[in-house]
Structure formats: C-alpha cells, structure tokens
Amino acid sequence: MMKNSQEKNCIDTTCDTYASHTQYTCPMHPEIIQNHVGSCPKCGMALEPMMPQQTEDDTELKNMTKRFWISIALAIPVFILAMTADMMPSLLPDGLSMKTVYWVEFILATPVVLWGGWPFFVRGVNSVKSWNLNMFTLISLGVFVAWVYSIVALFFPHVFPPKMQFEGGLVHVYFESAAVIIALVLLGQVLELRARSNTNEAIQTLLSLSPDTAWRINDDGNEEEVSIEDVQKGDKLHIRPGEKIPVDGVVNEGESYVDESMVTGEPIAVKKGQGDLLIGATVNGTGSLIMEAQKVGSETMLSQIIEMVALAGRSRAPIQKLADKVSGYFVPFVVAVAVVAFMIWFLFGPEPRLAYAIVNAVAVLIIACPCALGLATPISIMVGTGKGAINGVLIKDATSLEQLEKITTLVVDKTGTLTEGKPKLKEIKPIENIEENKFLQLVTTLEYSSEHPIAKAIIEGALDREVPLLKVENFNSHSGKGITGQIEDKEVAVGNLKLLHSLDIDVNMVQDEAQKLQDKGATVIFVAIDKVFSGFLAVSDPIKETSHEAIKALHRKGLKIVMLTGDTENTAKVVASKLDIDEVHADVLPDQKAQVVKQLQEKGEVVAMAGDGINDAPALAGADVGIAMGTGTDVAMQSASVTLIKGDLVGIVKAINLSRQTMKNIRQNLFFAFIYNSVGVPIAAGILYPFFGLLLSPMIAATAMSFSSVSVIANALRLKNVKL
C-alpha cells in the first residue's frame, strides 16, 4: 500500500524529483525500493526504475551478454575435452596425458567460474547475508564446491583416499561442470534481461507519441511555439492540419476530423467541432482547430496510459518465484545433510576418517548441485517459446506461459482483433432503373472529393471494379450529413438520412431494408440523383474468417469470452451475437478497458486480453496475459506478453495448448529434479554403506548430476514434437 502511494504521488507531481533522484524497485519484490541501481537483496534480480525513463540503461544486459559469449567460448572446449577424456580417451592425441588434460580444463574453466560467474557469487553471498536463499544461492554454492573440489583434486590429489586415485595418483576433476553451469545461467540472464527490456520499449513508444511543442495563442492574439511542459490549463492552442493534439482539452473554434485510433482503436476518424473533446497525442486531419487545454502533464490520457502500463508491468511475478521459494528450504537442508554426513563419517567412519568425511560431504554437495533444478524451467521455456514462434505465437517471457494455462476469461477487442479492422464496401443497392456500375461511378466520383474516412471504403470498392472517375462541380460538404455536387449535369447527394430529409427526398420505401443492414452492424449511405432517391450503399468491417473457429475452440476449453470495444453498442452486439460471445462492453475508453479487466480479476478470474491498438495497451499490461495481434500497433505488441504474428485468434488456441504442454513439461522436470535430489543426497551421504558397503564417490555424483541435467534437457526437447 505504501509503495502504491509513493508511486501515485510521483505521478501526480509529474515526478519533479525523478530526474535527479530516480528510485529503483524489484519486479518480483515491489516492496524493495532503493535510490541506486543494483540487485534485489531477496531474489538477486536487477532492479529497474519505478517510473519510465526516456533513455534506458542497458548496462547490465551488455555486461551479461559479454560474460555469456566469452564464457560459452571457453566452456564448450572444456566440456568436449572432459567428455572425450572420460568416455573416449582413445581419441585423445598421443602423448597427451590425463594430467595435462586436467590442467587445460583448469586454465579454461577458471576464468568462466571466477569472471563469468562473479555476479552470481556476489548475489549468492548477499542471499546468505540477508538469509533470503534463492536460485543464486544454489548456483554459487554448487559451482563453487565443484570448482574448489577440482582445484584440491588437481593440486593436492594425495589428500584423497586411494580408492579415488587412478593412474599417476590423479583424482577426477569436474571443471567442465562448473564452467557449463555458469554459461547456461548466463544465457538465462541474457534472455530474461532482453524480455524485460522489451517491456520498457512499450513505455518508450508511448512517451514518444506526445508532441514536443504546441502553438499557444497569447492574449494579444499572436501565436508562439512553446514546449509541451509549458502548456497550462486554460491555454488556447492552435492545432494545424496534420499536427498532433498536444494535450487533452475541448474545441473552441473550427472543424476537422481527428484520428483517435491510438485511443479508441477504431480506424474511422472522428469529426470534431465546437465543444467536442480532444485527446492529447491524437492526430488532426486537414482542418484547423483552436482548443482550450483542460488536462496537462500527468493528467492527460496518454500519461495515464503510461502510468497503467508501468504499474501493471511491475505487478507480475516471474515463474522463477516458485523455484526460489523451494530453494529457500532446499539449500539449508542440503548444507545440513552435508555437515551431518561429515560429522558421522568423521566420528564413526572407517580410517582414514577425515578423508571419508570430506569425500562424502563433497559428494552430497556435488550431487545436490542445482543444475537440474535450475534448468528445469528455462530449458522448457526456451524449447516451448521456439515451438510457439514456429507456429506464429511469440512468447515474451516465462510468466505468460505460466499464466496462459490458468486463464478462465479471454477479453478481446473488436476492431482488428475479431474483425479485419478495415471498413469495406459490402452492398451496392441502386434502384431498378439505374445501372449498378454507373451508380457506383457517380457515388465514387463525389466521395473522391470527400475527406471522410468511410469514403475510402467506397473508393477502394470502386477501384476493385475499375470504375473510372468523372469530373465534379459545385462540391459541397454538409457537416454531419454528407456531401453534394454536380456530375455530368446531374445533382448528386451522398450521405445519411438527415441529408436526404433536408433535401425533401423520400426514402421510406427502403428504410426497412436499410435497417436490416444496420442491424447487421453495417453503416448505410443513402444516394439521391437530381433530388430523387436512387439507392444506397453499405459499408462494414467484416469479421475475420477464423474468429468463429477460434471462439468455438476457446469455449470448448471452458473459457468465458468478453468483448471490449470503443465502437457503438449496436454494432458490438451484432458482432457478439454472430460469434456467440458471452459478454459485451461497448463505448469504452482505454482506462475503462483496464477497469473491466481489473473487475474480472477481483471476481477471481484469470484474465487474458487480446487487442491490436495503443488503446488496448493498459488492458494488455493489466491482464494476467496480454495478447497482441501482429497486424496491430507496435505499442500493443510491446505491451503484451504474447504476440500472434498472423493476427489470428486461432493463435490464442495454439498459445493455450503450448502453455499447458510447457507447464506440464516443467512440472515433470521439477519433479524429476526434486526426486533425484531426494534420492541422490542420502545415497551420497553414505546411507547405503552400512547395508551394502557402497559409497558414492564425487565422480559418480558428478556423473549422476550430469545425467539429471541431460534428462531434463531431453524431456524439454520433447516439446518440439507437440501438436498445437
């Protein structure tokens, strides 16, 4: 509660201290707030700014990437050399002794462990100091033990019992295990940091939408260009054709069409006149407007969208949280077992007691090396996300895969998600004595001079038929009604019922037929020639062919489908009835979409949101899983954790199937890793010795550890063959 209050205060004051005193928080533990960059003392994750910044600090990503590439370049030859020496020693060059092999492994692996893994050791030590044991505790402990044990075995082999020594008094080393583990963990860190960076890109894009300056009209009537930060409430601003609206406000003078697709998601520009509301960052058309600023700074709708995206993005917990929680109990348990094993062997074991005590304690720590536990989740996610990409489903992070499996409600935008997002000419209905192409030619010729977006659909329809255009005279636009003009000595009028009624033209004979089209969600345009009703056209945004199939499949999976749209209630209900959608919310703005998502979550629903516009960004970020259409805006795709490349709702079905299969695979991996440790640790401690005289040497423990990792990877690779 305290954190939210602090964030809200920062937002309401436009973060005056933010530039000079940035605060950082942890994505997993939002209660952690620091005044400097660093790592979370609880989980070890890199902290990130509480509020979005214009420029992003990617220092850690570059650092981890550099460490990864250098480490992998050194770890691969170490691994190949070790496996060859252990399994196919005959392939080694003549004259290359095993001692030389070990020295080469030591020289190559040591930089990987000490330099490549240094951040993990620091985080591991910090986790012990604060007693917040996590994955880094396991990683640093396992690698450190494997490396130190190998150092001792290489430099002081005589301290080990004869049973552990072979030709020349050598003792087996495990440098390859330490190096490969570090390289794989570094890869996971790079992938995680890149995913988090993509989330920040969405906010960067939102920040870039707002114009930098505005034309303010002073009291003397003169205009001056001022910074957007200098605009105050009550200022009069001049919006020129093609410019962005600088802040939220109301129109005082002028008329124009404004593209509000970044807010409403609808492709058709909205006519604005005196008294109409304007939203900052929307784009003015060809007209000129004088507006009064009403909301500036953090109060604008764009700022609120940025705030919601930022807060929602930080509210998600990564899937690794489960592993970290388990690790908090697992690490002290393993250490305790190692200590107990050491004491029992030292006090009651056969001679040499100290050697046996050290060997078994080390065996416990090596067999409990967290590589299997650490790989269980990221390997499955890597394979699963690759499988998704091949099938047109891009998964940004592990959280989305985890949550997709659990969703109970899917919230979808209408335009561009369920529908194609592009109005099309669907019906041409001239009266009987007018030839259809001639009718369309007259209408298209007149519409070609119009700036109204619906005209584009008619023009495109005419171009498909290769209808030639004619010359227009006396063109006139009737505000809120339509257009008129003279073509080939014919007076042509195209518009709505208000236009024809104003011209005393009777359309009663077709109103029923037109109403039927409107009931189907179409926009009807009436046409009169020489003041006689001559027919009508219908323009509509068609439903995607795959939407029906996708909705049925989602219903079969037990999901509730909710539609949110900025479109009219009539059109929304028509689309909903065709697709058998369970719940409809029409005439909603971005903040209202996010509110609906939040309300569903408060009822216990796990919500996925599918959308394609900037207007969907807050809802996409606030949902448990945000799903963006690949055919939509960049901001939608950056705000979402899942992107459907083809913009096809069938991709959601694939994504859910992918999630369920991947999470099943992860559970199998975790189960195997835990069972392996549950069985392996007691055996390594020597529990079988009193009954069978068997001891598990560190070499066999390391082999078992490697086998556990290979098994986890092999199981994850099965995801490649899953059918979505």
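This passage describes two sheets, the helices beside them and several side-chain arrangements in a predicted model.

We may begin with the sheet of seven strands, which is open and has mixed pairing, with the order S15-S27-S26-S25-S16-S23-S24. Its edges are formed by strand S15 (393–395) and strand S24 (583–585), each of which pairs on one side only. Between neighbouring strands of this sheet the average turn is 20 degrees, with direction ignored. Within the sheet, strand S16 (residues 409–413) runs parallel to strand S23 (residues 560–564), and the two are joined by five bridges. A residue to look for here is Leu410, which stands opposite Ile561 in S23. Helix H23 (residues 650–685) lies across several of the strands, namely S15, S16, strand S25 (607–611), strand S26 (625–629) and strand S27 (642–644). The direction of H23 makes about 50 degrees with that of S15.

Helix H18 (residues 545–556) offers a clear view of how a helix can divide its residues. Ser547, Ala550, Ile551, Ala553 and Leu554 are the buried residues of H18. These five lie on the same side of the helix because the arc they cover around the axis is only 165 degrees. Exposed residues are found on the other side of H18, where Glu545, Glu549, Lys552 and Arg556 are placed. After the helix comes Gly558, which has a positive phi near 85 degrees.

The next sheet is also open, but here six strands are arranged as S17-S22-S21-S20-S19-S18 and the pairing is antiparallel. Strand S17 (424–430) and strand S18 (473–478) have a single partner strand each, so they stand at the edges with one side lacking a neighbour in the sheet. From one strand to the next, the twist averages 15 degrees. At one of these edges, S18 pairs with strand S19 (residues 482–487) in the antiparallel sense over four bridges. Asn476 has Thr484 of S19 as its bridge partner.

Two helices accompany this sheet. Helix H14 (residues 436–447) packs on it and touches S17, S18, S19, strand S20 (490–495), strand S21 (523–529) and S22. The angle between the directions of H14 and S19 is about 110 degrees. Helix H17 (residues 511–519), in turn, lies across S17, S21 and S22 and runs at about 150 degrees to S21.

Ser540 is a helpful point at which to look at the surroundings of strand S22 (residues 532–540), to which this serine belongs. Ser540 counts as buried because its relative accessibility is 16%, under the 20% limit. Leaving aside residues up to four places away in sequence, the contacts of Ser540 are Lys422, Pro423, Lys424, Lys426, Gly521 and Ala522.

Aromatic side chains complete the picture. Across the whole structure, the search finds eleven aromatic pairs. One aromatic cluster brings together Trp103, Phe106, Phe155, Phe156 and Phe175. Tryptophan rings also meet arginine side chains: Arg67 has its charged end over the ring of Trp115, at 5.0 Å from the ring centre. Likewise, Arg240 is placed over the face of Trp215, with a distance of 4.0 Å to the ring centre.

Conventions
Residues numbered from 1 in each chain as written. Predicted model: local features only at pLDDT ≥ 70, side-chain atom pairs only at ≥ 80, totals over all residues. Heavy atoms only, no water. Phe/Tyr/Trp six-rings, centres within 6.5 Å; stacked < 30°, edge-to-face > 60°. Lys NZ or Arg CZ within 6 Å of the ring centre and 35° of its normal. Buried < 20%, exposed > 50% of the residue type's maximum accessible area, 1.4 Å probe, protein only. Arc of directions from axis to C-beta. Pairing = 2+ DSSP bridges. Axes fitted to C-alpha atoms, helices over the stretch in contact; angles between N-to-C directions. Contact = heavy atoms within 4.5 Å.
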